[in-house]
Amino acid sequence: MKFLTNDKLVIVGAAGAIGSNMVQSALMMGLTSEICLYDIPFAANAVEGVAEEMRQSGFDEAHIVATTDVAEAFKDAKYIISSGGAPRKAGMTREDLLKGNCEIAEGLGKNIKKYCPDVKHVVIIFNPADLTGLVTLLYSGLKPGQVTTLAGLDTTRLQSALAKKFGVKQSEIEGCATYGGHGEQMAVFGSHVTVAGRKLTDIIGTDEMSAEEWEQMKTDVTKGGAKIIELRGRSSFQSPAYLSVEMIRSAMGGEPFRFPVGTYVKTDKYDHIMMAMKTKLDQSGAHFEVPQGTAEENAKLDQSYEHLCKMRDELVTLGIVPAIDKWNEINPNL
């Protein structure tokens, strides 16, 4: 097998459903010959079990290591994907996970700084991802473009909903995106969407799709994660696993990622925050520009930003991060 790189990839939370799917996806894509599966000591047997299954799957040209020792796992790591937080359960919002998972993110960032400060890229997917990614970035000391969070899942939910509605392939739904926070406060942009070459804005308000149907679809997209829990009895694991591995593939030099990612944003309007923007993720990291939609869509993006700021400020109150004017003392890149 020809690998994209021989650099070490670490999957954090590898014993879980998301983590084990990430391991398999990374190996099937031929990302790297060096892959390390890491999880907490409580999951020692499970993480070794995942490694054994991968070896027994015939990925015989890859060096697969399982460990619960953080120093062993992170040493010489060049790429990291972390799903290593508490999962979302029925009745919970992503925000309900704020304190516990951001404390985990703080530890992750500090371990990166201690054991693998030369890491090239880190993808964070445990919720609330905008905040856990921000905390990881702060304590890791990395540059803003080196830490990204999973946001593409919201866009694929919009894309798939439109494809089902109009009976076309998802590839025929172009230009759709969600921006801002990865949660029910996200901004759904439809003004740039085309359906098999037709502008969605020309379809909304007709017999094909009423304005009410469009509004309901936007609401359903923002609650897509809760719907998966309702249908399957557990939170999403296959879709976030696959998309996050696609993200790290882009950072390794594969084709640029197809969807928006959560990235650190510092502009005159949006400041000291991690949120989904119009992005390009490639080997040089994440690059963003502020999306422009209709006045209503832009206002929704502003609202999403304000929601994220409230959660960020709650982290200050909880003592997980210091006041913003002190961040540069922890991470000079911010």
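How much area does the protein expose, and what share of it do carbon and sulfur atoms supply? The protein exposes about 14,600 Å², of which carbon and sulfur atoms supply 49%; accessible areas come from the Shrake-Rupley method with a 1.4 Å probe, and for residues only the protein chains shown count as cover. This is a predicted model, in which local features need pLDDT of at least 70 and side-chain atom pairs count only at pLDDT 80 or more, while totals for chains, interfaces and linings use all residues. Residues are numbered from 1 along each chain as its sequence is written, and side-chain values use heavy atoms, with hydrogens and water left out.

**Figure 1. The whole protein, with 12 helices and 15 strands.** Helices (H or I, at least four residues) and strands (E, at least two) are DSSP runs, numbered from the N terminus. Along the principal axes, the C-alpha atoms fill a box of roughly 60 × 50 × 35 Å. The radius of gyration is 19 Å, which agrees with the value near 20 Å for a compact globule of 334 residues; this radius is taken over C-alpha atoms, and the globule rule is 2.2 Å times the number of residues to the power 0.38. Of the 334 residues, 54% count as buried, where buried means under 20% relative accessible area, exposed over 50%, and partly exposed in between (1.4 Å probe, protein chains only). Among contacts (heavy atoms within 4.5 Å) between residues at least 6 apart in sequence, 71% join residues at least 24 apart.

**Figure 2. Helix α1, residues 17-28.** The end C-alpha atoms of α1 are 17 Å apart, which agrees with the 16 Å that its 12 residues should span at 1.5 Å a residue; the expected span is 1.5 Å times one less than the number of residues. Nine of the 12 residues are buried, so α1 is largely enclosed by the rest of the structure. Among these buried residues are I18, M22, V23 and L27. An α-helix has 3.6 residues a turn, so residues three or four places apart point the same way. The cover over the buried residues of α1 includes the strands β1 (5-12), β2, β3 (63-67) and β4, together with the helices α2 and α10 (238-251). Just after α1 comes G30, with a positive phi of about 65°.

**Figure 3. Helix α11, residues 295-318.** This helix has 24 residues and reaches 35 Å from its first C-alpha to its last, close to the expected 34 Å. Its buried residues include L301, Y305, L308, M311 and L315, as well as E297 and R312. Several elements cover the buried residues of α11, including the helices α4 (98-115), α5 and α12 (327-330) and the strands β8 (177-179), β9 (187-189) and β13. G319 follows α11 and has a positive phi, near 80°.

**Figure 4. Strand β2 and the loop that comes after it.** E34 is located in strand β2. With a relative accessible area of 30%, E34 is partly exposed. Leaving aside neighbours within four places in sequence, E34 is in contact with N6, D7, K8, L9 and H63. In the loop between β2 (32-38) and α2 (44-56) lies I40, which is partly exposed at 49% relative accessibility. The C-alpha atoms of I40 and T68 are separated by 5.3 Å, although the two residues are 28 residues apart along the chain.

**Figure 5. Backbone details in three loops.** Where does P128 lie? P128 is in the loop between β5 (121-124) and α5 (129-140), and the peptide bond from N127 to P128 is cis, with omega near -10°. D76, in the loop between α3 (70-74) and β4 (77-82), has a positive phi near 65° although this residue is not glycine. Another non-glycine residue with positive phi, near 50°, is H272, which lies in the loop between β12 (261-265) and β13 (273-276). D76 counts as partly exposed at 49% relative accessibility, whereas H272 counts as buried at 12%.

**Figure 6. L334, in the segment after α12.** Is L334 buried or exposed? At 11% relative accessibility, L334 counts as buried. Not counting residues up to four places away in sequence, L334 touches L137, L138, P144, Y264, W327 and N328. The C-alpha atoms of L334 and A15, 319 residues apart along the chain, are separated by 33 Å.
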